[in-house]
Amino acid sequence: MSSLIGKGSFGKVYTAEVDGHACAVKVESRTAKMPQLQYEAKVLMLLRGCKGIPLLIRYWERPDKYLAMELLGENLEVALRNKRLPPERVYRVVVPQMLH
């Protein structure tokens, strides 16, 4: 994994290359109190092909949980700070939260 691009209550997000794709890789500890990464992977699979939803590249557990998804530009924190939040980004953030 390359550089850290974000972090939150779920864990950390890094840039990386996985299976030949430039990715954002979310890392969640196996001991997370409220695990959500496996669920997020299932939601991304269900929404695969929908506009504004990043492509799921891979989900794996070893020893922590990892979710590799398509890297789509600036992260949410930067977009909010710069007051640039396109509708596609809102869908990527809000839809998984609504389905959970």
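**Figure 1. Glutamate 40 is a buried residue of the predicted model.** Glutamate 40 has a relative accessible area of 15% and is therefore classed as buried. The model shown here and in the following views is predicted. Glutamate 40 belongs to helix H1, which covers residues 37-46. Apart from neighbours within four places in sequence, glutamate 40 is in contact with Lys26, Leu67 and Met69.

**Figure 2. Lysine 26 and glutamate 40 form a salt bridge.** The closest N and O atoms of lysine 26 and glutamate 40 are 2.8 Å apart. Lysine 26 is in strand E3 and glutamate 40 is in helix H1, so the pair ties together parts that are 14 residues apart in sequence. Lysine 26 counts as buried, because its relative accessibility is 17%. Glutamate 40, the partner, is buried as well, at a relative accessible area of 15%. Lys26 also appears among the contacts of glutamate 40 outside its neighbours within four places in sequence.

**Figure 3. Aspartate 19 and arginine 58 meet through their side chains in a salt bridge.** The N to O distance in this pair is 2.7 Å. Aspartate 19 sits in the loop between strand E2 (12-18) and E3, and arginine 58 sits in strand E4 (residues 56-61), so the bridge ties together parts that are 39 residues apart in sequence. Aspartate 19 is partly exposed, with a relative accessible area of 49%. Arginine 58 counts as partly exposed at 34% relative accessibility.

**Figure 4. Glutamate 61 and arginine 30 form a salt bridge between their side chains.** The N to O distance is 3.1 Å. Glutamate 61 is in strand E4 and arginine 30 is in the loop between E3 and H1; the pair links distant parts of the chain, 31 residues apart. Glutamate 61 has a relative accessibility of 31% and therefore counts as partly exposed. Arginine 30 is partly exposed, with a relative accessible area of 45%. A search of the whole structure finds three salt bridges, and the pair of glutamate 61 and arginine 30 is one of the salt bridges.

**Figure 5. The surroundings of arginine 30, a residue of the loop between E3 and H1.** The side chain of arginine 30 reaches the backbone oxygen of proline 63 at 2.7 Å. When neighbours within four places in sequence are set aside, the contacts of arginine 30 are Glu61, Pro63, Asp64 and Lys65. Glu61 is thus a contact of arginine 30 and also its salt-bridge partner. Arginine 30 and arginine 62 are 32 residues apart in sequence, and their C-alpha atoms are 9.0 Å apart in space.

**Figure 6. Glutamate 28 is buried and has no salt bridge.** Glutamate 28 is found in strand E3, which runs over residues 21-28. The nearest side chain of opposite charge belongs to lysine 65, 4.1 Å away. A salt bridge requires the side-chain nitrogen and the carboxyl oxygen to be within 4 Å, and the distance from glutamate 28 to lysine 65 is 4.1 Å. A polar atom of the glutamate 28 side chain lies 3.4 Å from the backbone nitrogen of leucine 37. Outside its neighbours within four places in sequence, glutamate 28 is in contact with Phe10, Met34, Pro35, Gln36, Leu37, Asp64 and Lys65. Leu37 and Lys65 are thus among the contacts of glutamate 28.

**Figure 7. Cysteine 23 and cysteine 50 in a structure with zero disulfides.** Cysteine 23 is buried, with a relative accessible area of 0%. Cysteine 50 has a relative accessible area of 38% and counts as partly exposed.

**Figure 8. Overview of the protein, with three helices and five strands.** Along the sequence, the elements follow the pattern β-β-β-α-β-β-α-α. Of the 100 residues in the protein, 32% are buried. Among contacts with a separation of 6 or more, 41% are between residues 24 or more positions apart. The accessible surface of the protein comes to about 6,700 Å², and carbon and sulfur atoms account for 56% of this surface.

Methods
Residues numbered from 1 in each chain as written. Predicted model: local features only at pLDDT ≥ 70, side-chain atom pairs only at ≥ 80, totals over all residues. Heavy atoms only, no water. Helix = DSSP H or I, 4+ residues; strand = E, 2+ residues; numbered from the N terminus. Buried < 20%, exposed > 50% of the residue type's maximum accessible area, 1.4 Å probe, protein only. Lys, Arg positive; Asp, Glu negative; His and termini not counted. Polar contact = N/O pair within 3.5 Å; in protein donor to acceptor, adjacent residues only side chain to side chain. Contact = heavy atoms within 4.5 Å. Disulfide = S-S within 2.5 Å. Areas by Shrake-Rupley, 256 points an atom, 1.4 Å probe, with all protein chains shown as cover.
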